[in-house]
Amino acid sequence: MLCIGREARVPDVLPTGVACEAVRLFVESNKEVCYMGCCSLEELPEGYEWMDLRESFHVLPEAEYRMAGKASELLYFDRQHRYCGLCGAPMEWSSAISKRCTQCGDEIWPKLNTAIIVLIHRGEEALLVKAKNFRRDYYGLVAGFVETGESLEECVVREVMEETGLCINNIRYFGSQPWPYPMGLMIGFHADYAGGELELRDGELRTAEFFTRDNIPAIPGKMSMARMLIDDWLQSR
Ligand SMILES: [Zn+2]
């Protein structure tokens, strides 16, 4: 059983060669201690409850939520790389964050899926969109995965054009965020509208509209980069 708590740093408690079957976060009833583990239901200590990683954001201090996210990513990496992609032999942990093939020695590290998300300004307005894959009924921002051979800025321009038909310029870096669902890195930008008519093109969006600050619809919760960008815009009046 793998546990991560306040006293344990992530690398110290990683399993070596553990085949993880269940990855859950559980939180003590008083909400003060968290552990990330792979354990069966029978091993759940008294006074703890199962908790989804996303839900834990609303319960745990940020540092512990981040630690749980890292643990979740490493456990996912472990499960996804039980055998070598080159020769098929079993892999084993070679460090706290890497695995090595027991036969050919090839070493691998977790690979993050890098995604951009962008808030487009048009004067006092911002473009908010509803994507078909949103978990709830709210407006968010244009987002998409970075492709091979592409810079972050090129990705922002391409995603906006593909999804909305709009041209943008003046792309400004805002911030980044680990997104362990399951292995992501979200990178946020502001950008300015530079031309074009709104046209939902590649079928990923349900709707897209420009809103003013005093007329915004339902938006995502505080944990997301989308919300951080929208809040940044709202506060920049
Ligand atoms: Zn190998």
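Me: Two strands pair if DSSP finds at least two bridges between them; on that footing, what makes strand 5 and strand 6 a pair?

Reply: Strand 5 and strand 6 share two bridges in the antiparallel sense, and therefore they reach the minimum that the definition sets. R100 stands opposite E107 in strand 6, and the hairpin formed by these strands has five residues between them, with G105 in the turn at a positive phi of about 85°. Strands are DSSP runs of E with at least two residues, and helices are runs of H or I with at least four, both numbered from the N terminus. The model is predicted, with pLDDT of at least 70 needed for local features and 80 or more for side-chain atom pairs, while totals for chains, interfaces and linings use all residues. Residues are numbered from 1 along each chain as its sequence is written, and side-chain values use heavy atoms, leaving out hydrogens and water.

Me: Why are strand 4 and strand 6 called edge strands?

Reply: The open sheet has three strands in the order 4-5-6, with antiparallel pairing. Strand 4 (91–95) and strand 6 (107–108) each pair on one side only. Strand 4 is joined to strand 5 (residues 98–101) by four antiparallel bridges, with M91 opposite C101 and W93 opposite K99, and the hairpin between strand 4 and strand 5 runs through two residues.

Me: What are the protein donors of the zinc ion, and how do you know that they count as donors?

Reply: The donors are the SG atoms of C84, C87, C101 and C104, lying 2.3 to 2.4 Å from the zinc ion. A donor is an N, O or S atom within 2.8 Å of the metal (3.2 Å for Na, K and Ca), and therefore these sulfur atoms qualify, although water is not among the atoms and sites may look incomplete. Along the chain the donors follow the spacing C-x2-C-x13-C-x2-C.

Me: Why is the site of the zinc ion called tetrahedral?

Reply: The angles among the four donor atoms run from 96 to 120°, and four donors count as tetrahedral if all angles lie between 85 and 135 degrees, so the site meets the criterion. The ideal angle for four tetrahedral donors is 109.5 degrees.

Me: Is C84 buried or exposed, and what is C87 called?

Reply: C84 has a relative accessible area of 7% and is therefore buried, since buried means under 20%, exposed over 50% and partly exposed in between (1.4 Å probe, protein chains only). C87, at 35%, falls in between and so is partly exposed.

Me: How do you know that T164 in helix 3 is buried, and what does T164 touch?

Reply: T164 has 0% relative accessibility, so it counts as buried; its place is in helix 3 (residues 152–164). Not counting residues up to four places away in sequence, T164 is in contact (heavy atoms within 4.5 Å) with L127, V142, E197, L198, E199 and L205. Its side chain reaches the backbone oxygen of V160 at 2.6 Å and the backbone nitrogen of L166 at 3.2 Å. Each is a polar contact, a pair of N or O atoms within 3.5 Å in which, within protein, one must be able to donate a hydrogen and the other to accept it, with residues adjacent in sequence counting only if both atoms are side-chain atoms.

Me: What makes the side chains of strand 9 alternate?

Reply: In a regular strand the side chains alternate between the two faces of the sheet. In strand 9 (residues 142–145), V142 and G144 point to one face and are buried, whereas A143 and F145 point to the other and are not. Strand 9 pairs with strand 7 (residues 113–122) over four antiparallel bridges, and V118 stands opposite V142.

Me: Why is S224 called buried, and which residues is S224 in contact with?

Reply: S224 has a relative accessible area of 12%, and so it is buried. S224 is found in the loop between strand 12 (205–211) and helix 4 (225–235). Leaving aside neighbours within four places in sequence, S224 is in contact with Q177 and W179, and its side chain reaches the backbone nitrogen of R227 at 3.1 Å. In helix 4, the buried residues include R227, L229 and W233, and what covers the buried residues of this helix includes strand 7, strand 10 (167–179) and strand 12.

Definitions and conventions:
Four donors count as tetrahedral if all angles lie between 85 and 135 degrees; four count as square planar and six as octahedral if opposite donors are over 155 degrees apart and all others between 65 and 115; anything else is irregular.
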